[in-house]
Amino acid sequence: MCREVWSASRPTRLPEGGTPLFALVLGFAAVAAVLPFVVRRLGTRVFYLAAVPPFAACIWALSNWSTVADGGAVVQDAEWVPSLGLTLGLRFDGFSFLMVGLVAGIGVLVFFYAGSYFHSGDPIMGKFSATLLVFSGSMFGLVLADNLLALFLFWELTSITSYLLIGTDDRKVAARSGALQALLITGGGGLAMLGGFILLGESAGTYSMSAILADPPSGTVVNWALVLVLLGALTKSAQVPFHSWLPRAMNAPTPVSAYLHSATMVKAGVYLVARFSPAFADVGPWRPIVVGAGLASMLLGGYRALRQTDIKLVLAYGTISQLGFMMVLFGVGTREATFAGCTLLIAHGIFKAALFMLVGVVDHQTHTRDLRLLDRLGARWPVVAATGAVVAASMAGLPPLLGFIAKEEALYSLEKTGAAWGWIVLVGVVIGSVLTVAYSARFVWGAFGPAEDALRDGPVPTAELVGPHAPVPSRAFIAPAVVLAVLTVAFGLFPAPADATVAHAFDALWGEYPERHLALWHGLKLALLLSGIAIGLGALMFVARRRVERLQARVPRLPSAQGGYDRGLKGLLEGADALTGVVQHGSLPIYLGVILTTLIALPAVPLLMDPEIPSLTFAASPMQALIGALMIVAALTAALARRRFAAVILVGTVGYGMAALFMVQGAPDLAITQLLIETLGIVIFVLVFRHLPANFERPKLRGSQAPRIAIAVAAAVFVFVMTLVAVGARTEEPISREYLERAAPEGGGNNVVNVIIVDFRGFDTVGEIFVLAIAAIGVAAIVGSRRRGPDDGGEVGIEGAPGGDPTGPDNGDAEPSDVGTMDQVLASNRPGRGVA
Amino acid sequence: MNRRSVILDACVRAEFHTLLLVSLYFLFAGHNQPGGGFAGGLVASCAFGLRFVAGGDREVRRAIDIAPPIVMGVGLLLAMITGLVPLALGDNLFESAIVEFAPPLIGKVKLTSVLFFDTGVYLVVVGMALMLLSQLGLADGSNPDSEHDEASPGAGPIDEVVR
């Protein structure tokens, strides 16, 4: 196929000198780190500083146009985690150029827009601008990433920043729950996608996307991998049935909606489908899933948009619809459809970002987005209204705008699929376009026309209407939207720049140049006829909107995706609650019992089947025998001790005995560590014991101790046998020999134990000290919360108020949790370090 | 019960700095001799433990007036950074570097970059011990904010148990 030829013959240019690609991506993060510190001095101008990295990215992309125009790519690789095959491979080709244009170009405008959207002195500005810039950088990385795992990383970063940005106003419940919903749905999809990537990468033997697409693997596993990848793409792009998060994400400030939830992030799924489709469109489940979900989204989004009275939600459902449209085009996977899809990507990015910006202007100036209250804003704000009309017309697909050209290409491509299902899809898309025209008109009329009081049950009191008194927005505020409106007109009348961009994006996907060119006029063809029908019917639907509304109201309510999400989340939480109730009931003896029984039951069976006990020596020296005897006596006495304090001292004695054994065996390092741990352990035990009664509780029932004794003895025997067998079971060369040889030359130390801890296994040690810190914080938090708790009365009783009954039933239940945590802390120390 | 043992007090004060020195010795010598950041940190923890036994939380604060979470956090940060620096320099994660030089008077000195890592471990262990001492050691019902109340001299907490 041509793809393979292409990948071999096309030039790939490695950037000379320095690392501009990485530097660009990191530049976003670096500037973002600075923003919160300069926000006080700069005020709203902080957003102009934030616009610098995307602007630099634009300039860089344009300066590399020549490489892209030659059909080549700028490639840069860096090893990251070689053992996982994780290279941070960045690859800038024609399709990336298109996406970078959207991400960075619209990014610059959005930052300028945000500079007017916020008021100087708004306390969230520093955090907000930094997060938005981190998002921008993640999205930039996403469209450049060539390694699938790196792509996943950037993908998740956009999910997380989206979560933070939707929840910007964290005092609003709707913002918080909307943010969480977006994170859960896109994050869940992302997790599925990771699974898909791994299956795909393992089948192909490489995680490089360009290599996989050049030589696509096949098989059942690959089919499943593709389904998983699609789960990620469809959730990210808010496709049916995962679309419920997008309308709720509209609780975000409008710059976020304009940038993330219309122009860029939600296109990540479309981007992925676009990349994969040329290689996988004909493979198993790909086309039915993508086209089916896309078509359903296009129709459902359009239908729902007509029911909204909040103009931002009209656009949100419109976005679902348009994303569905793009999914259909890329999912069809023919050359013509890809060509149309690339055109629509540009067109949609431009008009939808502008529309959201205008919604923000309306909201900002009038404090409402309800189209039943917005009254004749157009008369007062002619420039805003004209801009809105132009971009909405582009969305509706009216000539001579870029949206019209894109729709023409789409209809043409679906006409040319040459398959029966192509015609069904074509009909669906035409119906979707009718709806698009209708909701575009609804948006313009609702925002800038007279108040739609007829859509209410009763007439609106004139006092509530806004419009005649709304303050006029500043020029800087509407300028970004005007720029986009000019672009959509300019690219419509002079499609050459858009044509060149689309042509090279197409080249990057298919490895050849498209036969078609963008133009307003292709002659009297079926596509033009269908466009006309869509516009006509859409206009009719708008004129007869009352009747349409009544009809919609009579349609029985479909089970909504939001309801499904709510029920699912509720079920999950309740399930987790029930499970926790069963598993974590708070009784230390039962925890210990379960742990020990598991320890005995699972490995004991194979152990007893085939015990290979090596020949034993009683003791290597009299000293060993003496220490051993001491330890045995101490251990037995500890088990019989009445007083907690005595028991701890005796257990400590066992530990000291162990240290003495290490000493005798010539392991001073272990001996020291063991001694110190024991000492500190006793001190901490003593501190804990101040909160406990001095004596162990006597068993309330005779015989209730029998199972405990049985478990204890069984565990002891098991550990004893296990140790014996383990010692004799060595079949491989011990690893210690290699460590001994390598310690001095490589680790630069003669103390092998220490070299292992800090050098050979340094990564493990980092994990361990983090566990240590987390355990300490956990203990502090539990103890602290008990002390500071509102109910202090019980605590004083435990401490041993002279008259109190220390073994009273009130105290007995509350204690074990503390001690349990304490034991975990010590346990996490002991085996880890004792062995090391 | 509310009394401090003078002998214990005096002994602990005398030992305390020696113990800290020993802990530092363990830390620095650890790469070649028995010891290391973990053992060193434990020795220092025991030193603070002794101060605690002698005079309670107030005594520990007199010895070190840094919040335990900060000690721990600095330690974690130090360990992480030591691990990440080689990555930034183009080496593998946690690759160690060895520098030898001979300053006047004390002769040849060999420094390995893992010393910083070990120091991080040391600080985490000390921070953990301080945190446990301050949290578990506070008498119940007492307000942590009133610790500096001079009217009630700290009782050795051990007394209460070994009563």
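## Exercises on a predicted model

Let's warm up with one residue: Ile533(A) sits in helix H24 of chain A. Keep in mind that the whole model is predicted.

**Exercise 1.** Decide whether Ile533(A) is buried, partly exposed or exposed, then find the surface patch that includes Ile533(A).

*Solution.*
- Step 1: Ile533(A) has a relative accessibility of 37%.
- Step 2: Buried means under 20% and exposed means over 50%, so Ile533(A) counts as partly exposed.
- Step 3: Together with Trp423(A), Leu526(A), Leu529(A), Leu537(A) and Leu540(A), Ile533(A) makes a nonpolar surface patch of about 560 Å².
- Step 4: Helix H24 (residues 526–543) of chain A is the top contributor to the nonpolar patch, giving five residues.

**Exercise 2.** Place Thr264(A) in chain A, and work out whether Thr264(A) is buried or exposed.

*Solution.*
- Step 1: Look in the loop that links helix H13 (254–263) to helix H14 (267–280) of chain A; Thr264(A) is there.
- Step 2: The relative accessibility of Thr264(A) is 1%, so this residue counts as buried.
- Step 3: Beyond its neighbours within four places in sequence, Thr264(A) contacts Leu102(A), Val103(A), Phe135(A), Met139(A) and Tyr259(A).

**Exercise 3.** Describe the largest nonpolar core.

*Solution.*
- Step 1: The largest nonpolar core holds 184 residues, and Phe276(A) and Phe280(A) have the most contacts inside it.
- Step 2: Helix H17 (residues 335–366) of chain A gives the most to this core, namely 19 residues.
- Step 3: Another core, of 56 residues, lies apart from it and includes Ile672(A) and Val43(B).
- Step 4: Leaving out residues up to four places away in sequence, Phe280(A) touches several residues, among them Leu200(A), Pro216(A) and Trp286(A).

How values were computed
Residues numbered from 1 in each chain as written. Chains lettered and ligands numbered in written order. Predicted model: local features only at pLDDT ≥ 70, side-chain atom pairs only at ≥ 80, totals over all residues. Heavy atoms only, no water. Core = buried A, V, L, I, M, F, W, Y, C linked by side-chain atoms within 4.5 Å. Buried < 20%, exposed > 50% of the residue type's maximum accessible area, 1.4 Å probe, protein only. Helix = DSSP H or I, 4+ residues; strand = E, 2+ residues; numbered from the N terminus. Contact = heavy atoms within 4.5 Å. Patch = residues over 30% accessible without salt bridge, like charges linked within 9 Å, V, L, I, M, F, W, Y side chains within 5 Å. Areas by Shrake-Rupley, 256 points an atom, 1.4 Å probe, with all protein chains shown as cover. Salt bridge = Lys/Arg side-chain N within 4 Å of Asp/Glu carboxyl O.
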